[in-house]
Amino acid sequence: MHRFSARYCICFDPPDGSSNIDCGVSIGTLVLSTGSGVNGFTLDPSLGEFILTHLDIKILKMGKIYSVNEGNAKNWDAAIAKFVEKGKYLKDGSPPKSLRYIGSTVADVHCTLLYGGVFLSPFDSAFFSTFYAMARWQKR
């Protein structure tokens, strides 16, 4: 029997789906923070280990990007649509936010953490279908 000294055991199921693997889009796991900050690690295939590459990541107070699937905008509620529009068409003369949407939750959240901004995944029928499929898969 093995004894482990870690306080947590964490298991992840990649949230991005297998369709992103086929086209070479970044996939992986999401960031977890237990309240002591966030560090970024990158896999070094030559070593087969994750190397600390981003120490103590902080989100900027005023980010420059937004990440959302605007193809589903017709399905958003009014508050989400208004929020996104305000970021694109600023009235104070400052530059608009830049859309950075990859379609991979891991890659989009990664960009948001490094460059500052907001990642949105508004609830719509496609989003619901994904969770429904996940729930069905879990019951098998």
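What share of the contacts in the chain with a separation of 6 or more comes from residues 24 or more positions apart? In this predicted model, such residues account for 55% of those contacts.

**Overall layout**

The chain has 140 residues, and 20% of them count as buried. Its accessible surface comes to about 11,000 Å², with 58% of that area belonging to carbon and sulfur atoms. The secondary structure consists of four helices and five strands, and along the sequence these follow the pattern α-β-β-β-α-β-α-β-α.

**The hairpin of β1 and β2**

Strands β1 and β2 run antiparallel and are joined by five bridges. Four residues lie between the two strands of this hairpin, where Gly48 takes a positive phi near 70°. Two of the residue pairings across the hairpin can be named: Phe41 has Leu52 in β2 as its bridge partner, while Leu43 is partnered by Phe50 in β2.

Leu43 belongs to strand β1, which covers residues 40–44. Apart from its neighbours within four places in sequence, Leu43 is in contact with Gly48, Glu49 and Phe50. Its bridge partner Phe50 is therefore also in its contact list, as is Gly48, the residue with positive phi in the hairpin. Between Leu43 and Thr53 the C-alpha to C-alpha distance is 9.5 Å, for a sequence separation of 10 residues.

**The nonpolar surface patch**

Phe41, Leu43, Phe50, Leu52 and Leu55 form a nonpolar patch on the surface, and together they have about 560 Å² of accessible area. The elements giving two or more residues to this patch are β1 and β2, the latter spanning residues 49–54. Two patch members are compared with their strands below.

| Residue | Strand | Relative accessible area | Class |
|---|---|---|---|
| Leu43 | β1 | 44% | partly exposed |
| Leu52 | β2 | 41% | partly exposed |

Why do Leu43 and Leu52 count as partly exposed? The class runs from 20% to 50% relative accessible area; Leu43 is at 44% and Leu52 is at 41%, so both fall in that range.

In a regular strand the side chains alternate between the two faces of the sheet. Phe41 and Leu43, both in the patch, are set two positions apart in the numbering of β1, and Phe50 and Leu52 are likewise members of the patch.

**The parallel sheet and the core**

A second group of strands forms an open sheet of three, in the order β4-β3-β5, with parallel pairing. Strands β4 (98–99) and β5 (117–119) stand at the edges; each has a single partner strand, so one side of each is left without a neighbour in the sheet. Strand β3, residues 65–67, runs parallel to β5 and is joined to it by three bridges. Within this pairing, Tyr66 stands opposite Val118 in β5.

Tyr66 is also part of the largest nonpolar core, whose five residues are Tyr66, Val68, Trp76, Val84 and Leu120. Leaving aside neighbours within four places in sequence, Trp76 is in contact with Val68, Asn69, Glu70, Ala81, Val84 and Pro122. Among these contacts, Val68 and Val84 are fellow members of the core.

Note on methods. Residues numbered from 1 in each chain as written. Predicted model: local features only at pLDDT ≥ 70, side-chain atom pairs only at ≥ 80, totals over all residues. Heavy atoms only, no water. Buried < 20%, exposed > 50% of the residue type's maximum accessible area, 1.4 Å probe, protein only. Contact = heavy atoms within 4.5 Å. Core = buried A, V, L, I, M, F, W, Y, C linked by side-chain atoms within 4.5 Å. Patch = residues over 30% accessible without salt bridge, like charges linked within 9 Å, V, L, I, M, F, W, Y side chains within 5 Å. Areas by Shrake-Rupley, 256 points an atom, 1.4 Å probe, with all protein chains shown as cover. Salt bridge = Lys/Arg side-chain N within 4 Å of Asp/Glu carboxyl O. Pairing = 2+ DSSP bridges.
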